[in-house]
Amino acid sequence: QSSDAQKNIMEFLRNLGKKLQGRVLSSCGEVSSRVKGISSIISQFDSLIDKFPPLEKQAGSRFGNKAFRQWFEAMTQATPELISQNIIPENLKETNVVDEISTYLSESFGNSTRIDFGTGHEACFINWLYCLHASGILKEEDLEGVAFLIIPLYLKLVDRLVAVYSLEPAGTHGVWSLDDYHFLPFLLGALQLLGNRDLSPRSILDPQAIAENSSNVNIFSFFKK
């Protein structure tokens, strides 16, 4: 049985998909200062990786570089201030909104105890974006920038975290068995391609299709690594 919160988040995802449907990523127009603020937060999280290079792996260790815990701690400590500085309007800075939403963002990049990442962490990021929208911080006109700019930036950062720190998949084979770590690129990629007659699900296995569409279609951008 679904809750009102689940219904609202699914509707939020559908609205993001509508912004993408039938369009290419390069068609996104100018974005607001709010979207730029979120982009800045993600960029600063990305820069933190350089401060915590991976530790030398122990023999026989395939996953889980412990330097991720250092990055995660620094990211978590920086999150409330970065949110407050970059996206919270003045009339909300004296409220508890920053404390309420910071955990959703900091939990969007994996688990520092298990040193893993999976679809549940993606869900945290969507929940964070939904909270920003539901509280009026993100406006309806910001959703295009969220769909075209913010989510691809988030996925790019996560892919770097996985590569640098050898994050383990949260769940042996990925909860949906499409990918060990992700579901969001498949969902938004499918929504973006609704009505497209030139590309089919089989196209994601075609190197030429990936090369031709990687800069403009979410799902092909994801596969070009």
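Visitor: Which residues of H1 are buried?

Guide: In this predicted model, helix H1 covers residues 4–20, and a residue is called buried when its relative accessible area is under 20%. By that cut-off, the buried residues of H1 are Ile 9, Phe 12, Leu 13, Asn 15, Leu 16, Gly 17 and Leu 20.

Visitor: What span should the 17 residues of H1 have, and how far apart are its end C-alpha atoms?

Guide: At 1.5 Å a residue, the 17 residues of H1 should span 24 Å. The expected span agrees with the model, where the end C-alpha atoms of H1 are 25 Å apart.

Visitor: Which residue just after H1 takes a positive phi?

Guide: The phi in question is about 75 degrees, and the residue that takes it just after H1 is Gly 22.

Visitor: Which helix gives the most to the lining of the second largest pocket?

Guide: The second largest pocket has a volume of about 270 Å³, and of the 13 residues that line it, the closest to its centre are Leu 13, Thr 119, Ala 123, Ile 126 and Phe 183. Helices H1 (4–20), H5 (119–134) and H7 (184–192) each supply at least two residues of this lining. With six residues, the helix that gives the most is H5.

Visitor: How do the residues of that lining divide into nonpolar, polar and charged?

Guide: Leu 13, one of the residues closest to the centre of the second largest pocket, is also among the buried residues of H1. Taken as a whole, the lining divides into nine nonpolar residues, three polar and one charged.

Visitor: Where does H3 bend, and which proline follows?

Guide: Helix H3 runs over residues 67–86, and its 20 residues should span 28 Å at 1.5 Å a residue, which agrees with end C-alpha atoms that are 27 Å apart. Within the helix there is nevertheless a bend of about 40 degrees, located at Thr 79, and the proline that follows within four residues is Pro 80.

Visitor: What covers the buried residues of H3?

Guide: The buried residues of H3 include Phe 68, Trp 71, Phe 72 and Met 75, and also Thr 79, the residue at which the helix bends. Their cover includes helix H2 (33–51), helix H4 (97–106), H5 and helix H6 (143–165).

Visitor: Is Ile 115 buried or exposed, and what is its relative accessible area?

Guide: Ile 115 lies in the loop between H4 and strand S1 (116–117), and its phi is near 55 degrees, a positive value in a residue other than glycine. Ile 115 counts as buried because its relative accessible area, which must be under 20% for that term, is 4%.

Visitor: What is the relative accessible area of Ser 166?

Guide: Ser 166, in the loop between H6 and strand S2 (168–169), has a positive phi of about 50 degrees although it is not a glycine. Ser 166 is buried, with a relative accessible area of 11%.

Visitor: Which residues does Gly 118 touch, not counting residues up to four places away in sequence?

Guide: Gly 118 lies in the loop between S1 and H5, and at 2% relative accessibility it counts as buried. Leaving aside residues up to four places away in sequence, Gly 118 touches Ala 170 and Tyr 181.

Visitor: How far apart in space are Pro 53 and Asn 15?

Guide: Pro 53 lies in the loop between H2 and H3 and is partly exposed, with a relative accessible area of 48%, whereas Asn 15 is one of the buried residues of H1. The two are 38 residues apart in sequence, and their C-alpha to C-alpha distance is 38 Å.

Conventions. Residues are numbered from 1 along each chain as its sequence is written. This is a predicted model: local features need pLDDT of at least 70, side-chain atom pairs count only at pLDDT 80 or more; totals for chains, interfaces and linings use all residues. Side-chain values use heavy atoms; hydrogens and water are left out. On a 1 Å grid over the protein atoms alone, a cavity is a set of points where a 1.4 Å probe fits but cannot get out, and a pocket is an open set with protein on both sides within 12 Å along at least five of seven lines; lining residues have an atom within 4 Å of a point. Grid points are joined across faces, edges and corners, and a volume is the space filled by probe spheres set on the points. Ala, Val, Leu, Ile, Met, Phe, Trp, Tyr, Cys and Pro count as nonpolar, Asp, Glu, Lys and Arg as charged, and the others, Gly among them, as polar. The expected span of a helix is 1.5 Å times one less than its number of residues. The bend at a residue is the angle between axes fitted to the seven residues ending there and the seven starting there. Buried means under 20% relative accessible area, exposed over 50%, partly exposed in between (1.4 Å probe, protein chains only). Contact means heavy atoms within 4.5 Å.
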